[in-house]
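The following exercises concern the packing and the internal spaces of a predicted model. Each task is followed by a solution in steps.

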Amino acid sequence: MSGLRTSVFKAGLEALYLTGAHRMLRPITGGIGAILMLHHVRPAEPRDFAPNALLEVTPDYLDSVVERVRQAGFDIVAMDEVPGRIALGGEGRPFVAFTFDDGYRDNAEFAYPILKKHGAPFTIYLPTSFMDRRGELWWLVLEHTVRTQRAVTATIAGRSVHFDCSTASLKTEAFREIYWWLRSLPETELRAYVRDLSARHGIDFRDICRDLCMTWDEVRALGADPLVTFGAHTVEHLMLAKFPEETVRQELVASKARVKDELGRPVHHFAYPVGDPTSAGPREFALAREAGFTTAVTTRPGVLFAEHADHLTALPRVSLNGHFQSLRYLDVLLSGAAFAFFNRFRRVNAA
Ligand SMILES: [Zn+2]
């Protein structure tokens, strides 16, 4: 989310909480369950420049979320159980599934002990090139470059633009501008730019992957616990909707097969990288089904309704976002009220 959208959304959560509207709206907006989305879980580091902070929460926050969810009467279920729970409609108890994207090592180090303590099942979606130590985590490479350099150059709309990165606020501005310019490019160009940028500044993108992501051995060690499910998250972590159908099919099928081979068990669940409407749409939802996935999750915000039974490869999620690490926001998010406004009271958004 952009800075502006984040603050508007936060103000909305705050207003819903303060007025108690989320409780009043519950009968209209409340779904039957929710899939929570997380990325990094690690202790907070005080940093002035943290453009990807929305992608991390602290272990303490995760701990309090698990407790709150249970206290509020939600069952915590594995993704394998989600289709059955959706099929029950409003009949069963409300439920929550915990999901983590990208296979970060901090999931094993900090999230796992907490979830284990609570006996809570969870799913991690793996982009297989990350476990192969050659993943291009381009958004983090860009962050690292901007953090370590005093100036960065980008060729935007054919013009060479020089960004002063000498202070934290200038870094934040430069990151935002370059990031959103990159998001507007075809992904092959985006990657070529970040590869070139990191090379020019002596940064090896493979180091970032090695530092942050689990190896296959670490994945297998974590997977020895039946609380853990692994899903696929493509091979190269591509924004699929921007690629030809053949590439999408290949990414779906190859990542499913690879995770299965490495773990020796079938893979039924998938997460679309980036996962917003510009990265995953109706074509991807159909191809994920065709590739044999039982469920596939987006990053479209929302809770689950009985109607999602017909859209199991286009499921929305509730982001446990670094910008909203407050239990009062969690209450509003789980009520579904915020998403009802966000989605203009449409329950299923799979277009
Ligand atoms: Zn991802």
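## Exercise 1. The nonpolar cores

Task: Identify the residues that touch the most other members of the largest nonpolar core, and locate this core relative to the domains.

Solution. Step 1. The largest nonpolar core has 94 residues, and those that touch the most other members are Phe98, Leu182 and Phe230.

Step 2. Residues of this core come from both domain 1 (3-132 + 218-342) and domain 2 (138-207), so the core lies between the two domains.

Step 3. For Phe230, residues up to four places away in sequence are set aside; the residues it then touches are Ile124, Leu126, Met214, Val219, Leu222, Gly223, Val259, Leu263 and Val267.

Step 4. A separate, second core has 14 residues, among them Ile35, Val77, Tyr125 and Ala271.

## Exercise 2. The second largest pocket

Task: Describe the lining of the second largest pocket and explain why the pocket lies between the domains.

Solution. Step 1. The space in the second largest pocket amounts to about 380 Å³.

Step 2. Its lining consists of 17 residues; nearest the centre of the pocket are Arg42, Arg47, Glu143, Arg147 and Leu212.

Step 3. By class, the lining of this pocket holds seven charged, seven nonpolar and three polar residues.

Step 4. At least two lining residues come from each of α7 (138-148) and α10 (205-212). With four residues, α7 gives the most to the lining of the second largest pocket.

Step 5. Domain 1 (3-132 + 218-342) and domain 2 (138-207) both contribute to the lining, and therefore the second largest pocket lies between them.

## Exercise 3. The largest cavity

Task: State how many cavities of 30 Å³ or more a search of the whole structure finds, and characterise the lining of the largest cavity.

Solution. Step 1. The search finds two cavities that meet the limit of 30 Å³ or more. The largest cavity contains about 40 Å³ of space.

Step 2. The residues that line the largest cavity are Glu136, Trp138, Val141, Arg191, Val194, Arg195, Ser198 and Phe205.

Step 3. Two or more of these lining residues are supplied by each of α7 and α9 (187-200). The largest share, four residues, belongs to α9.

Step 4. Sorted by class, the lining of the largest cavity comprises four nonpolar residues, three charged residues and one polar residue.

Note on methods. Residues are numbered from 1 along each chain as its sequence is written. This is a predicted model: local features need pLDDT of at least 70, side-chain atom pairs count only at pLDDT 80 or more; totals for chains, interfaces and linings use all residues. Side-chain values use heavy atoms; hydrogens and water are left out. On a 1 Å grid over the protein atoms alone, a cavity is a set of points where a 1.4 Å probe fits but cannot get out, and a pocket is an open set with protein on both sides within 12 Å along at least five of seven lines; lining residues have an atom within 4 Å of a point. Grid points are joined across faces, edges and corners, and a volume is the space filled by probe spheres set on the points. Ala, Val, Leu, Ile, Met, Phe, Trp, Tyr, Cys and Pro count as nonpolar, Asp, Glu, Lys and Arg as charged, and the others, Gly among them, as polar. Domain bounds come from an automatic or database domain assignment. A nonpolar core is a set of buried Ala, Val, Leu, Ile, Met, Phe, Trp, Tyr and Cys residues joined through side-chain atoms within 4.5 Å. Buried means under 20% relative accessible area, exposed over 50%, partly exposed in between (1.4 Å probe, protein chains only). Contact means heavy atoms within 4.5 Å.
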